[in-house]
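Welcome to a short set of exercises on reading a protein model. Try each task yourself before you look at the worked solution.

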Amino acid sequence: MSKKKELQLKSFVITEFTFKTIFSDYYIRLCLYAETFVSNSSSAEDIVQDAFFRLWNKKDDLQIDVSIQAYLYRTVHNACIHFLRHKKVSEKHGEYQKIKLQEAELLYYSTLETSSKAILAEELQHIILDTVNSFPEKTKEAFLLSREEDLKNQEIAERLNLSIKAVEYHISKALLSLRKALNDYL
């Protein structure tokens, strides 16, 4: 699209014909641009389609003070950033849920009530203590702060001067070791 055409787009309402022209001129380029951020062609297409959908819905109220190209690229860029932030939060939540599920599986056996189950529970407690005592120092500290003092990962990270990712790694490592040690009982 020539510079003159882009300047004209600022001064009139986007018609269906104009929209189709803009769509055909920019769709593929914007999909490739979005894919450089999100590394997934399907997600990139969704982002670009959403950008065009919003452009069409705002066509009557839209005031573009830059070229339509700059407007579309900025819209897609911002949508990619939003997508990546949302993906990061979702992944973090999934990891948290996975850890909680592992904890629940381990705690199931520590709450057994009958006498025969109490013996089993005592045996499990021994295995758990031996396993926890065999952890490397940082793993042991992170795990015990999490379980005995009920600290959140952020609080553990501050106390041990570690990153949150390092704390998550140590706790996951501890739970994996416990799971292996208790494999015959799970």
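**Exercise 1. Two helices that meet**

At roughly what angle do the axes of helix 7 and helix 8 cross, and within what distance do they come? Keep in mind that this is a predicted model.

*Solution.*

Step 1. Find helix 8, which covers residues 164–181. The axes of helix 7 and helix 8 come within 8 Å and cross at roughly 105 degrees.

Step 2. Put the angle into words. Angles of 65 to 115 degrees count as roughly perpendicular, so helix 7 and helix 8 are roughly perpendicular to each other.

Step 3. Look at who takes part. On the side of helix 7 you will find Asn153, Gln154, Ile156 and Ala157, and they meet Ile164, Val167, Glu168 and Ile171 in helix 8.

Step 4. Sort these residues by type. The contact of helix 7 with helix 8 has 5 nonpolar, 2 polar and 1 charged residues.

**Exercise 2. Salt bridges within a helix**

Say how many salt bridges the structure holds, then describe the pairs formed by lysine 20 and arginine 54.

*Solution.*

Step 1. Start with the idea: side chains of opposite charge can pair when their charged atoms come close. The count for this structure is 4 salt bridges.

Step 2. Take lysine 20. Its partner is glutamate 16, and the closest N and O atoms are 3.4 Å apart. A salt bridge needs these atoms within 4 Å, so the pair passes.

Step 3. Place the pair in the chain. Both lysine 20 and glutamate 16 belong to helix 2 (residues 16–38), where they are 4 residues apart, about one turn of the helix. Lysine 20 is exposed, at a relative accessible area of 52%.

Step 4. Now turn to arginine 54, which pairs with aspartate 50; here the closest N and O atoms are 3.0 Å apart. Arginine 54 and aspartate 50 are separated by about one helical turn, because they are 4 residues apart in helix 3 (residues 41–57).

Step 5. Check the surroundings of this pair. Arginine 54 is partly exposed at 30% relative accessibility, and aspartate 50 is partly exposed with a relative accessible area of 34%.

**Exercise 3. A salt bridge that starts in a loop**

Which residue forms a salt bridge with glutamate 149?

*Solution.*

Step 1. The partner is arginine 159, with the closest N and O atoms 2.8 Å apart.

Step 2. Locate both ends. Glutamate 149 sits in the loop between helix 6 (137–147) and helix 7 (153–160), while arginine 159 is in helix 7, so the pair ties together parts that are 10 residues apart in sequence.

Step 3. Add the exposure: glutamate 149 is partly exposed, with a relative accessible area of 44%.

**Exercise 4. Two cysteines**

Why is there no bond between the sulfur of cysteine 31 and the closest cysteine sulfur?

*Solution.*

Step 1. The closest cysteine sulfur to that of cysteine 31 belongs to cysteine 80, and it is 9.9 Å away, too far for a bond. A disulfide needs the two sulfur atoms within 2.5 Å.

Step 2. Compare with the count for the structure, which is 0 disulfides.

Step 3. Check the burial. Cysteine 31 is buried, at 10% relative accessible area, and cysteine 80 is buried too, at 0%.

**Exercise 5. The whole chain**

How many helices and how many strands are in the chain?

*Solution.*

Step 1. The chain has 8 helices and 0 strands, giving the pattern α-α-α-α-α-α-α-α along the sequence.

Step 2. Of the 186 residues in the chain, 33% are buried.

Definitions and conventions. Residues numbered from 1 in each chain as written. Predicted model: local features only at pLDDT ≥ 70, side-chain atom pairs only at ≥ 80, totals over all residues. Heavy atoms only, no water. Salt bridge = Lys/Arg side-chain N within 4 Å of Asp/Glu carboxyl O. Helix = DSSP H or I, 4+ residues; strand = E, 2+ residues; numbered from the N terminus. Buried < 20%, exposed > 50% of the residue type's maximum accessible area, 1.4 Å probe, protein only. Axes fitted to C-alpha atoms, helices over the stretch in contact; angles between N-to-C directions. Parallel < 35°, antiparallel > 145°, perpendicular 65-115°, else oblique. Contact = heavy atoms within 4.5 Å. Nonpolar A, V, L, I, M, F, W, Y, C, P; charged D, E, K, R; others polar.
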